[in-house]
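Got a new structure open and wondering where all the labels come from? Let's go through some of them together, one question at a time.

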Amino acid sequence: MWLLRLPEPLVGRGHSPPPTTSSIICRHHRLLPSFKLRAALSNQGINSPIKSNSAQLLADALRYYYFDSDSVVEQALGGEDAVRSFMNTDLKGFRDSETEVLKQLSSMGRLVVSAGNGAVQCAANLALMRHGISIWIDVPLDMVAKQIVEENFQLPAAETISGSYSEVLAQLTAIYEDCRNGYATADATIALHKVASRLGYDTLDAVTTEDIALGTLKEVERLMRAKKLMEEAARPF
């Protein structure tokens with residue numbers, strides 16, 4: 001058994017938030033006092049830069065801890081080569097490690113997690129995710145394929161994807177089909193194409209990390225407000 005060690009909060013002593021984070025706090029500060037989560041807030045969905053970056057930006061804005069669950073698993077197992085070895089020789093051991101990471105993360109509060117695909121691939125992991133609030137960051141697969149091929153976006157060691165654009169897209173599609181039902185269990189969905197439409201953008205590339213973080217912030221506030229109303233309605237007169 002190994003224990004997860006918390007780093008220093010991403011925004012805290014000796015660390016100034018980047019300008020985008022400051023703008024979130026300035027323009028939407030009224031939302032922040034309501035964030036008193038007793039468990040993790042997690043972003044799930046196909047791995048992409050905007051998914052992980054928006055989770056980290058949100059953690060910065062809220063002064064929460066941030067973890068990428070795939071990175072934590074890699075560190076726990078001894079690095080990328082060890083992950084690939086586990087995937088080839090002891091897949092069950094690797095999946096058990098994913099569950100252990102999620103078990104520890106789900107027990108924490110004041111935490112934003114960029115959850116890997118392992119988080120949605122078995123009932124035990126999905127049950128752990130239900131301890132907190134989960135948001136599906138739905139990014140078009142063709143955009144992610146382009147980022148992998150043209151911008152050298154690095155996927156976790158557990159996802160060995162390579163080849164031409166069409167080959168990468170086919171591999172991403174297979175992962176998506178395996179995980180889609182798990183993604184759909186999220187409490188809310190932030191779809192990139194809907195964000196672009198709502199903000200009047202001409203292209204999906206115009207959607208920023210800040211746009212996704214703000215959308216997540218508002219969805220979580222809505223969910224927490226709904227939960228509070230349900231709790232109040234359940235109280236005896």
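**How the labels are earned**

Q: Where does Glu74 lie?
A: Glu74 sits in helix 3. Bear in mind as we go that this is a predicted model.

Q: Why is Glu74 called buried?
A: Its relative accessible area is 15%, and buried means under 20%. So Glu74 makes the cut.

Q: What does Glu74 touch, leaving out residues up to four places away in sequence?
A: Gly79, Glu80, Val83, Pro156 and Ala157. A contact here means heavy atoms within 4.5 Å. There's also a link to a distant stretch of chain: Glu74 and Ala158 are 84 residues apart along the chain, and their C-alpha atoms are separated by 8.8 Å.

Q: What makes Arg63 partly exposed?
A: Its relative accessibility is 47%. Buried needs under 20% and exposed needs over 50%, so Arg63 lands in between and counts as partly exposed. You'll find Arg63 in the loop between helix 2 (49-62) and strand 2 (65-68). Its phi is near 60°, a positive value in a residue other than glycine.

Q: And why is Asn152 called exposed?
A: Asn152 has a relative accessible area of 54%, and the bar is over 50%, so the label exposed fits. Asn152 is in the loop between helix 7 (141-150) and helix 8 (165-183). Asn152 isn't a glycine, yet its phi is positive, about 60°.

Q: How do you know that strand 1 and strand 3 pair?
A: Three bridges join them, and pairing takes at least two, so they qualify. The two strands run parallel, and Leu41 stands opposite Val112 in strand 3.

Q: What makes strand 1 and strand 4 a pair?
A: They share four bridges, in the parallel sense. Pairing needs at least two, so this counts as well. Here Asn43 stands opposite Ile135 in strand 4.

Q: Which way do the residues of strand 1 (residues 41-44) point?
A: Leu41 and Asn43 point one way, while Ser42 and Gln44 point the other way. All of them are buried.

Q: How many residues does the largest nonpolar core have?
A: It has 60. Those with the most contacts inside it are Ile46, Ile135, Leu172 and Ile212. Helix 8 gives the most to this core, with six residues. In soluble globular proteins, nonpolar side chains tend to be buried together.

Q: What does Leu172 touch, not counting residues up to four places away in sequence?
A: Ile46, Leu141, Val144, Ala145, Ile148 and Ile161.

Q: How many aromatic pairs does a search of the whole structure find?
A: Three. One of them is Trp136 with Tyr183, a tilted pair.

Q: Why is the pair of Trp136 and Tyr183 called tilted?
A: The ring centres are 5.5 Å apart, and rings pair if their centres lie within 6.5 Å. The planes are at 35°; stacked would be under 30 degrees and edge-to-face over 60, so tilted is what remains. Trp136 lies in strand 4 (residues 133-138) and Tyr183 in helix 8, so the pair ties together parts that are 47 residues apart in sequence.

Q: What makes both Trp136 and Tyr183 buried?
A: Trp136 has 10% relative accessibility, and Tyr183 has a relative accessible area of 1%. The limit is under 20%, so both are buried.

Q: Why is the pair of Tyr176 and Tyr183 called tilted?
A: Its ring centres are 6.1 Å apart and its planes are at 50°, so the pair is tilted. Both tyrosines are buried, and along with Trp136 they form one aromatic cluster.

Q: Which residues of helix 5 are buried?
A: Among them are Gly93, Phe94, Ser97, Val101 and Leu105. What covers the buried residues includes strand 2, helix 3 (69-77) and helix 4 (80-89).

Q: How many disulfides does a search of the whole structure find?
A: Zero. As for the cysteines, Cys122 is partly exposed, with a relative accessible area of 29%, whereas Cys179 is buried at 0%.

Methods: Residues are numbered from 1 along each chain as its sequence is written. This is a predicted model: local features need pLDDT of at least 70, side-chain atom pairs count only at pLDDT 80 or more; totals for chains, interfaces and linings use all residues. Side-chain values use heavy atoms; hydrogens and water are left out. Buried means under 20% relative accessible area, exposed over 50%, partly exposed in between (1.4 Å probe, protein chains only). A nonpolar core is a set of buried Ala, Val, Leu, Ile, Met, Phe, Trp, Tyr and Cys residues joined through side-chain atoms within 4.5 Å. Rings of Phe, Tyr and Trp (its six-membered ring) pair if their centres lie within 6.5 Å; planes under 30 degrees apart count as stacked, over 60 as edge-to-face and the rest as tilted. A disulfide is a pair of cysteine sulfur atoms within 2.5 Å.
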